[in-house]
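Me: I keep meeting words like "salt bridge" and "buried" in my course. Could you show me how such labels are earned?

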Amino acid sequence: MMRKKVMELLQNATKLNQIIQIHALMIKTSLDGNIFVLAKLLRRLFACSSTNDLPYARSVFDEIPSPDTFIWNTMIRAYLNSQKPLESMSLFFQMRIQECIPVDSFSFSLVIQASGRLKNPGNGRKLHSQLLKMGFGSDLFVETALVEMYAKFGNIEIARKILDEMGNPDLVPYNVLLAEYVRVGEIKLAHDLFDRMPERDLVSWNTLIHGYASLGDVGAAKKLFDRTSERDLVSWSSMIAAYAKTRQSNEALRLFHEMQLTNILPDKVTMVSVLSACGDLGALGMGKMVHEYIERNGIEVDVKLGTSLVDMYAKCGDIDNSLKVFNGMNNRDVFAWSAMIMGLANHGHGELALDHFSKMISEDIKPNDITFIGVLSACSHIGLVDKGWTYFTSMEEVYGVSPKIEHYGCMVDVLGRAGRLQDARELIKSMPFAPDAIVWRALLGACRIYKNVEIAEESTVNLLELEPHEDGNYVLLSNIYSQAKEWDKVVNVRRMMKNINIQKVPGSSSIEVDNAVHEFVAGDKSHPDSEKILRMLGEITDRLRHAGYTPLTASVLQDFDEKERENSLAHHSEKIAIAFGLISTAPGSDIRIVKNLRVCDDCHIAIELISRIYNRRIIVRDRNRFHHFVNGSCSCKDYW
């Protein structure tokens, strides 16, 4: 009777403390020597506990006087499932030297999987030889494990040969090899195998969808996704992640809405992709709704999801909520700290970013290369040249992080912002690799601020070799010539653009209103509220002129007359987005804009004035950074 009662208690146990109490009852009633009850105890332990609780299970196992093959296999599998293949292997060899304890096909299937995960071909081949001698070579479980093991060793041909020679394989070995093809990036082999499979299940479809998605081939992934008759959480999450990673963020959010209509509940993995899409679009309202959904549905906010929330809020211009989430996280790794430091730096809070770096180091978190991009950007924004150099040199000397081209670009920006153009130039010459366009553009941007035509020309020559068709480079150089009143050179730049047929990259600006993202291009008249927007633009232009604004018509490189240039500037995409924001949001509320390019000089001046005239805080995220326009001034201090 007691044995039956204990077995029922174990079956219904769902928490570790309950199982420990049942174990105490077993000891008290002498059932701790019953192999069947002990086996049940171990199985429930593994079902209800985490990897950290394995030592308790092992202590139970070690107290069993003569564990049978089933119990040995149960313990070996527990280590394997807990990502501890070395312990699985060790326990298998201990089992082999026990008297009267025979290994079976399941024992070999487990140790073969462990060998594959350890990537130990020599040991794997020995085990393969042993199992063949013992007559397990044609066992389905063993053959499936061998397919996986050889694939993990990189011996795809052997894995495929074993599968082809299997007498009557079921779906599992096919799916195992399919997954391994995907893991090593052999997507063509994976698709060929998929097409030849005698049958397919949802795992097969999901594996191939994930394979194409992970390689960035969203079109192929979507075709498979549309063909599936059944979809689960993995199907939807893989597809949403594919769109988010390729910055097709509107599609990612559309698919997320579709998923919600199917009543499939998203998990942490899904939410990370959705938040990434929100951050990319600057869709703060949608991001907040997703955050509320996470809290409402009790989805655990682990380090990765917490970091995604920090990053989303920062990219959507809400640095206060970004800090709030970060400060509420129980565990923070280097990625969480780096996201927060980058966010603060991009919003112009340099001192606070550096404070967070100091706290991170004090908590023994080792910084990575992304951390230092944030740190050096912070130094640039607040003009800390000497401190910037100290951080830059400490990267390799103190933290073992080799500076990449991005870090050199940040240092060029630090020096350029401080007016040390010659030092920035020398740093570029001393770089251990060829400078890229970002580095030269940082120097050219500094030349614009400090009106240095000579270094600007040198920078442009190098820049145009790397990006001969990037219109922004010509615009920057033209503006520098305009500032220096070298009008003949301005004309030459325009002629150069015309001769090599430079196509201007269309500027676009988006704004989120009532959880819908509205995107505008320069001169846009396609919006349903276009008439109202144009009227508001007219009002803005009149009020700007009364406030003393003069359009920077010299920055327009097209061959227009003066009136056409003024009209072109007045209808830049960010101004249209702001006009829409003014007619669509409550007076006094913030307006958030996302611009795909750098905000032009004319728009920057105009938006500073608009923020004062309409008493609005206007937050603009452009290609370089965030601009917080408040009461006529910008957080970038007119350097961006």
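Reply: Happily; here are some contacts between side chains, each set against its definition. First, this is a predicted model, in which local features need pLDDT of at least 70 and side-chain atom pairs count only at pLDDT 80 or more, while totals for chains, interfaces and linings use all residues. Residues are numbered from 1 along each chain as its sequence is written, and side-chain values use heavy atoms, with hydrogens and water left out.

Me: Why is the contact of Lys161 and Glu165 called a salt bridge?

Reply: A salt bridge needs a side-chain nitrogen of Lys or Arg within 4 Å of a carboxyl oxygen of Asp or Glu. For Lys161 and Glu165 the N to O value is 2.8 Å, so the pair fits the definition.

Me: How do you know that Lys161 and Glu165 are separated by about one helical turn?

Reply: They are four residues apart in helix H10, residues 156-165. Helices here are DSSP runs (H or I, at least four residues), numbered from the N terminus.

Me: What makes Glu165 exposed, and Lys161 partly exposed?

Reply: Buried means under 20% relative accessible area, exposed over 50%, and partly exposed in between (1.4 Å probe, protein chains only). Glu165 has 54%, so the word is exposed. Lys161 has 48%, so partly exposed is the label.

Me: What makes Arg254 and Glu258 a salt bridge?

Reply: Their N to O value is 2.4 Å, so they pass the cut-off too. Both lie in helix H16 (residues 249-261), four residues apart. Arg254 is partly exposed at 34%, and Glu258 is partly exposed at 31%.

Me: How many salt bridges does a search of the whole structure find?

Reply: It finds 31. Among the residues involved, Lys152, Glu180 and Arg183 are linked in a network.

Me: Now the rings! Why is the pair of Phe92 and Phe93 called edge-to-face?

Reply: Rings of Phe, Tyr and Trp (its six-membered ring) pair if their centres lie within 6.5 Å; planes under 30 degrees apart count as stacked, over 60 as edge-to-face and the rest as tilted. The centres of Phe92 and Phe93 are 5.6 Å apart and their planes stand at 70°, so the pair is edge-to-face. Phe92 is buried, at 0% relative accessibility, whereas Phe93 is partly exposed at 33%.

Me: And what makes Phe392 and Tyr408 edge-to-face?

Reply: Their planes are 80° apart, with 5.1 Å centre to centre, so both cut-offs are met. This pair links helix H24 (residues 385-397) with helix H25 (residues 405-417).

Note on methods
Helix = DSSP H or I, 4+ residues; strand = E, 2+ residues; numbered from the N terminus.
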